[in-house]
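Here's a quick tour of the empty spaces in a protein and of the ligand it holds. Take a look at the structure first, then read on.

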Amino acid sequence: MTTETDATAEFLALTDDPRRRREESTTMVEQYYTLAGDLYREGWGSPHQHFPCYSPGQSHEEAAEAHMKDLADRAGLTADSYVLDVCSGVGGPACTVAAHTGARLVGAELVADRVREARDNARARGLHGRVSFRVADAAALPFDDAAFTAAYSIQALCHLADKPRAHREAARVLQPGAVWTGYDWMRAAAAGADGIAEDICRAHALPALATLDELRQHLTAAGFTDVHVSDGRDTGDWAPNWDRLEQLVALLPSREELPPLLRLMTDGARALCAGARSGDFFIGYWHARRAEEHS
Ligand SMILES: C[S@@+](CC[C@H](N)C(=O)[O-])C[C@H]1O[C@@H](n2cnc3c(N)ncnc32)[C@H](O)[C@@H]1O
């Protein structure tokens, strides 16, 4: 029988090895979110498990809701839209987009526990008729070609070893002309893949962080047109995320007293905050359209 201690030790060995992080990325992500699910629920205190940009005075929940509504408006989503949320987590973004636009949504999420939690969240908000969730890998989506009128992904493609493939899959399941948009964790080109980027990846079950140029290339190569990518810092204030994270870490006992997984997660939080404040790490945004004809 595998104990939780064994499972944690297995995950720590995997995430510590950059080669294994690339080659076993889906196993690593499943291990990470299975082990860290409770800590995530407590730490975020919200089904929106990503960093939003803030307007003055907003709480995390208010900022995350506003952030998702803004994304939905920019994507032109309406009650007629049929939308795919790629890497839908525990369902916060999909529920907010559905409630705001009246659209129907499907969430594709790798981790079965998180799919169950997302279904519960949708039911609690009375949205289960229009929002559904399915266990699915973003790199091999179980949907027909051209099934959706729009798709988005929020701060999750960084978990995939083969990011170009995830963009190709999004293109495949979208109708011609449909919008593909979202946010992702990025590294500054000047920062390099070692140092703080490696510290962030090791602590968050990420094979690698892409640069904005790489994101643009992935979108273009997947057959998207009207490709726009940008550094989120150009359009909003992300600093309250790092303030909040630093406050959370400060509430914990000293690093040495923490159990191994929580120690890794707090190391990761410190690396994120340091990277965000130095500019080596940031949240990137993209907005593109599926070409009218597949290349
Ligand atoms: C940081 S969470 C963000 C969740 C959600 N998008 C949100 O904003 O609340 C990243 C999510 O991506 C999921 N994920 C990672 N790799 C995936 C893959 N290959 N296919 C589907 N989901 C994946 C994780 O399980 C996790 O739920």
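The lining of the second largest pocket divides into nine nonpolar, three polar and six charged residues. Here Ala, Val, Leu, Ile, Met, Phe, Trp, Tyr, Cys and Pro count as nonpolar, Asp, Glu, Lys and Arg as charged, and the others, Gly among them, as polar. Keep in mind that this is a predicted model: local features need pLDDT of at least 70, side-chain atom pairs count only at pLDDT 80 or more, and totals for chains, interfaces and linings use all residues. Residues are numbered from 1 along each chain as its sequence is written, and side-chain values use heavy atoms, with hydrogens and water left out.

**The second largest pocket**
- This pocket holds about 280 Å³ of space (a volume is the space filled by probe spheres set on grid points, which are joined across faces, edges and corners).
- A pocket is an open set of points on a 1 Å grid over the protein atoms alone, with protein on both sides within 12 Å along at least five of seven lines; lining residues have an atom within 4 Å of a point.
- Its lining has 18 residues, and Thr34, Leu35, Ala36, Gly37 and Asp38 lie nearest the centre.
- Helix H1 (4-15), H3, helix H6 (112-124) and H11 each give two or more residues to that lining, with H3 giving the most, eight residues.
- Helices (H or I, at least four residues) and strands (E, at least two) are DSSP runs, numbered from the N terminus.

**The largest pocket**
- Its volume is about 980 Å³.
- Fifty residues line this one, and Tyr32, Tyr33, Tyr40, Trp44 and Met265 are those nearest its centre.
- H3 has the largest share of the lining here too, with 10 residues.
- Other elements supplying at least two residues include strand S1 (82-86), strand S2 (104-109) and helix H10 (239-250).
- By type, the lining splits into 31 nonpolar, 13 polar and six charged residues.

**The ligand**
- Where does the ligand sit? You'll find it in the largest pocket (more than half of its atoms lie within 2 Å of the pocket's grid points).
- There are 22 residues around the ligand, and Gln49, His50, Glu109, Arg114 and Ala138 come nearest (a residue is near if one of its heavy atoms lies within 4 Å).
- That shell is made up of 12 nonpolar, seven polar and three charged residues.
- Arginine 114 has a side-chain N or O atom 2.7 Å from an oxygen atom of the ligand, which fits the cut-off for a polar contact (a pair of N or O atoms within 3.5 Å).
- On the nitrogen side, a backbone N or O atom of alanine 138 lies 2.9 Å from a nitrogen atom of the ligand, and a polar backbone atom of isoleucine 154 is 3.0 Å from a ligand nitrogen.
- Taken alone, the ligand exposes 600 Å², and the protein buries 98% of that (Shrake-Rupley method, 1.4 Å probe).

**The cavity**
- The count comes to one cavity of 30 Å³ or more (a cavity is a set of points where a 1.4 Å probe fits but cannot get out).
- Lys163, His167, Asp184, Met186, Ala210, Leu215 and His218 line the largest cavity.
- Helix H7 (163-173), strand S5 (174-187) and helix H9 (212-221) each supply at least two of those lining residues.

Technical notes: Polar contact = N/O pair within 3.5 Å; in protein donor to acceptor, adjacent residues only side chain to side chain.
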